[in-house]
Amino acid sequence: MNKTSKAAIFILILLVVVFLAALSMNKSEIESRRILLESSTIEVISEDQSDMVGLEVIQSLGLEEFEAVLDTSSTDASLYKYSGVQLVKLLVSLGYEINEKDIITATGADGFSVAYSGEEVLEDGNIYIAVTEEGNYLGGIEDGGSGPYEIIVISDSFSNRRCKWVTGIEVVR
């Protein structure tokens with residue numbers, strides 16, 4: 001076995017070890033997101049506050065109907081009707097004071113995260129937590145859906161700042 005083969009095997013073994021270490025370190029986080037998704041709950045946190053939000057809380061704020069473009073790599077851009085609540089309305093109802101310099105990060109059950117500026121969140125009619133699309137609940141991962149909650153940015157015409165399967169929202173000052 002020559003030096004190149006030995007180096008390649010060493011690197012491969014090292015990568016497997018690093019992957020397994022990262023997987024074990026994230027196991028509890030993955031399990032936590034799975035539980036939140038299965039219970040249709042969003043954990044909203046900041047430096048000094050933590051809340052668990054379910055569908056009842058979102059519905060109690062009064063669902064609004066809105067339209068947004070859905071444009072994916074496999075479909076043409078299409079306008080859909082959704083219902084949900086503005087993200088700022090939810091945060092304010094829970095006692096979070098949002099200002100323009102804040103960063104609000106949404107995280108999905110798959111670990112995908114999207115950061116929104118406080119300025120974007122405060123813009124009226126811009127960012128929603130959707131619960132229905134075309135009159136039907138969004139459905140979960142197992143149904144091929146994007147819910148039970150999906151954050152949609154109206155001003156994003158390419159749909160790349162959406163967050164499906166939302167399980168967490170963090171407000172950072």
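Reader: What is the order of the strands in the open sheet of five strands?

Author: Happy to start there. In this predicted model, the strands of the open sheet follow the order E2-E1-E10-E5-E6, and their pairing is mixed.

Reader: What makes E2 and E6 stand at the edges?

Author: Strand E2 (49–53) and strand E6 (113–117) each have a single partner strand, so one side of each is left without a neighbour in the sheet. Within this sheet, neighbouring strands are turned by 15 degrees against each other on average, with direction ignored.

Reader: How do you know that E1 and E2 pair?

Author: Two strands pair if there are at least two bridges between them. Strand E1 (residues 42–46) is joined to E2 by five bridges, and the two run antiparallel, so they count as a pair. As one example, Ile-45 has Ser-50 in E2 as its bridge partner.

Reader: What about strand E7, and how many bridges does it share with E9?

Author: Strand E7 (residues 127–133) and E9 share four bridges in the antiparallel sense. Ile-129 has Ile-151 in E9 as its bridge partner. From strand E9 (residues 150–153), Glu-150 and Ile-152 point one way while Ile-151 and Val-153 point the other way, and all are buried.

Reader: Why is the contact between Arg-173 and Asp-102 called a salt bridge?

Author: The name needs a side-chain nitrogen of Lys or Arg within 4 Å of a carboxyl oxygen of Asp or Glu. For Arg-173 and Asp-102 the N to O distance is 2.6 Å, so the pair qualifies. Arg-173 lies in the segment after strand E10 (166–172) and Asp-102 in the loop between helix H3 (87–93) and strand E5 (103–108), so the pair ties together parts that are 71 residues apart in sequence.

Reader: Is Asp-102 buried or exposed?

Author: Buried means under 20% relative accessible area, and exposed means over 50%. Asp-102 has 1%, so it is buried. Its partner Arg-173 has 60%, so Arg-173 is exposed.

Reader: Which residue forms a salt bridge with Glu-120?

Author: That is Arg-161, with the closest N and O atoms 2.5 Å apart. Arg-161 sits in the loop between E9 and E10 and Glu-120 in helix H4 (residues 118–122), 41 residues apart. Glu-120 is buried, at 17% relative accessible area, while Arg-161 is partly exposed at 24%. A search of the whole structure finds three salt bridges, including one between Glu-150 and Arg-162 (3.4 Å, N to O).

Reader: Why is the aromatic pair of Phe-66 and Tyr-82 called stacked?

Author: Rings pair if their centres lie within 6.5 Å, and planes under 30 degrees apart count as stacked. Here the centres are 5.6 Å apart and the planes are at 20 degrees, so both conditions are met. Phe-66 lies in strand E3 (residues 64–70) and Tyr-82 in strand E4 (residues 78–86), so the pair ties together parts that are 16 residues apart in sequence.

Reader: What makes the pair of Tyr-80 and Tyr-82 tilted?

Author: Their planes stand at 55 degrees, with the ring centres 6.4 Å apart. Stacked needs under 30 degrees and edge-to-face over 60, so this pair is tilted. Phe-66, Tyr-80, Tyr-82 and Tyr-128 form one aromatic cluster.

Reader: Which residues make the nonpolar surface patch?

Author: Phe-10, Ile-11, Leu-14, Leu-15 and Val-18 make this patch of about 510 Å². Leu-14 belongs to helix H1 (residues 3–38). Patch residues need over 30% relative accessible area, and Leu-14, partly exposed at 45%, therefore meets that cut-off.

Note on methods: Residues are numbered from 1 along each chain as its sequence is written. This is a predicted model: local features need pLDDT of at least 70, side-chain atom pairs count only at pLDDT 80 or more; totals for chains, interfaces and linings use all residues. Side-chain values use heavy atoms; hydrogens and water are left out. Patches are made of residues with over 30% relative accessible area and no salt bridge: like charges are joined within 9 Å, nonpolar side chains (Val, Leu, Ile, Met, Phe, Trp, Tyr) within 5 Å. Accessible areas come from the Shrake-Rupley method with a 1.4 Å probe; for residues, only the protein chains shown count as cover. Buried means under 20% relative accessible area, exposed over 50%, partly exposed in between (1.4 Å probe, protein chains only). Axes are lines fitted to C-alpha atoms, for helices over the stretch in contact, and angles run from 0 to 180 degrees between N-to-C directions. Rings of Phe, Tyr and Trp (its six-membered ring) pair if their centres lie within 6.5 Å; planes under 30 degrees apart count as stacked, over 60 as edge-to-face and the rest as tilted.
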